[in-house]
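Here is a short tour of a two-chain complex, written to be read with the model open beside you. Take a moment to turn it around before reading on.

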Amino acid sequence: MGVIRAASEPAGVTPLPVRRPLADSAVLGTALFVFTEVMLFAGFISAFGIVRDTALPGAWPPPGSPRLPFERTMLNTAALLASGVALWVAGRRFRGSSPEKARDWTALALALGAFFVLAQGAEWLALIREGLTLRSSQLGSFFYTIVGAHALHALVAILFLALAWRAMIAGRLTAGRFAAVRLFWYFVVLVWPVLYWRVYR
Amino acid sequence: MSPALATALIVACPTLAHACASCTGGDGPRAQAAFFGATVFMTLLPLGLIGAGILWLKRGGREWLAREFEDRDAWTPPERASTATPDQTPATPSPAARP
């Protein structure tokens, strides 16, 4: 009696479908990272608030410290917020019927973000010339730590957005990766008004 | 003083127990308000973030579960054709062929 063997599977067999994950891995990973960074900035803001509010009358801002450019930074803040709006529109176009238009909106968000970082850099140079440094006073320490940490995040976000833009042009950008990049950009954009209001005012 | 009583006092009367010199012994009401505000902020923020994350997963989870049987129903099993060939070498040798 021979062995009953099954013939090999014929071509064109429908493979078992792979379940789509509940959340895209890139988005979930970025969300967890954003969570930790939000707590980092929350710690900075809390510490700054306590030092400022527990200072003796007349001791804050520290005597001799230059005044922070609240009005001039409003323009930088507006540029950063506009970049968030531009990227939101880019996200809508990417998912919608005209993904090629997403490229232009992404480029606009990139340009506005780069303007913000460059303008902040120019502002820092002016403040250093006026005598506000990392070691000049508590205000200087907090200012450069908090705003510097945000600038670092903004630089990384610009780098990721530039890579995503390049991939978008080449047609290689997936929706999940673009969503992750956008999530990180929104975090950089939305945390800035809180820092601006607490530190510059 | 028993440990249980000491714990109850610390929980019920932190000022009496000097549980936090920074919070309760600050330089006036402004300092205490700053500490209190920072404590509330740092306590509620992570809870809010975790809650938002759970809501986001829950909302996505509902749509994900709704699509669960779409994949199963769309799948068609392969048609298997079995062949019996008597002159093929058997998998195991017959007892008579063993040494």
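## A glycine in a loop

Let's begin with Gly58(A) in this predicted model. Is Gly58(A) buried or exposed? Gly58(A) counts as exposed because just 7 other C-beta atoms lie within 10 Å, and the cut-off for exposed is 12 or fewer. You will find Gly58(A) in the loop of chain A that links α1 (25-53) to α2 (70-95).

How far is Gly58(A) from Ala175(A)? Their C-alpha atoms are 53 Å apart, and 117 residues separate the two along the chain.

## Chain A as a whole

Stepping back, chain A contains five helices and one strand. Read from the N terminus, the order of its elements is β-α-α-α-α-α. The radius of gyration of chain A is 24 Å, whereas the globule rule gives 17 Å for 201 residues; the value is well over the rule, so chain A is more spread out than a compact globule. The box filled by its C-alpha atoms, taken along the principal axes, is roughly 100 × 40 × 20 Å.

What share of the 201 residues in chain A is buried? The figure is 25%. The contacts add another view: of those in chain A between residues at least 6 apart in sequence, 81% join residues at least 24 apart.

## Chain B and its helix α4

Chain B also has its elements laid out for you: five helices and one strand, running α-α-α-α-α-β from the N terminus on. Buried residues account for 3% of the 99 residues in chain B.

Helix α4 of chain B covers residues 29-66, which is 38 residues. From its first C-alpha to its last, α4(B) reaches 54 Å, close to the 56 Å expected at 1.5 Å a residue. Which residues should you look for in α4(B) if you want buried positions? Ala34(B), Phe35(B) and Ala38(B) are buried there.

## How confident is the predictor?

For the complex, the predictor gives an ipTM of 0.74 and a pTM of 0.76. Chain B has an average pLDDT of 72, with 58% of the residues scoring at least 70.

Which element of chain B has the lowest mean pLDDT, and which the highest? Strand β1 (residues 82-84) of chain B has the lowest, at 51, and α4(B) has the highest, at 86. A friendly caution belongs here: where pLDDT is low, predicted coordinates should not be read in detail.

Conventions. Residues numbered from 1 in each chain as written. Chains lettered and ligands numbered in written order. Predicted model: local features only at pLDDT ≥ 70, side-chain atom pairs only at ≥ 80, totals over all residues. Helix = DSSP H or I, 4+ residues; strand = E, 2+ residues; numbered from the N terminus. Buried ≥ 20, exposed ≤ 12 C-beta atoms within 10 Å, placed from the backbone. Expected span 1.5 Å × (residues − 1). Rg over C-alpha atoms; globule rule 2.2 N^0.38 Å. Contact = placed C-beta atoms within 7 Å. pLDDT = per-residue confidence, 0-100.
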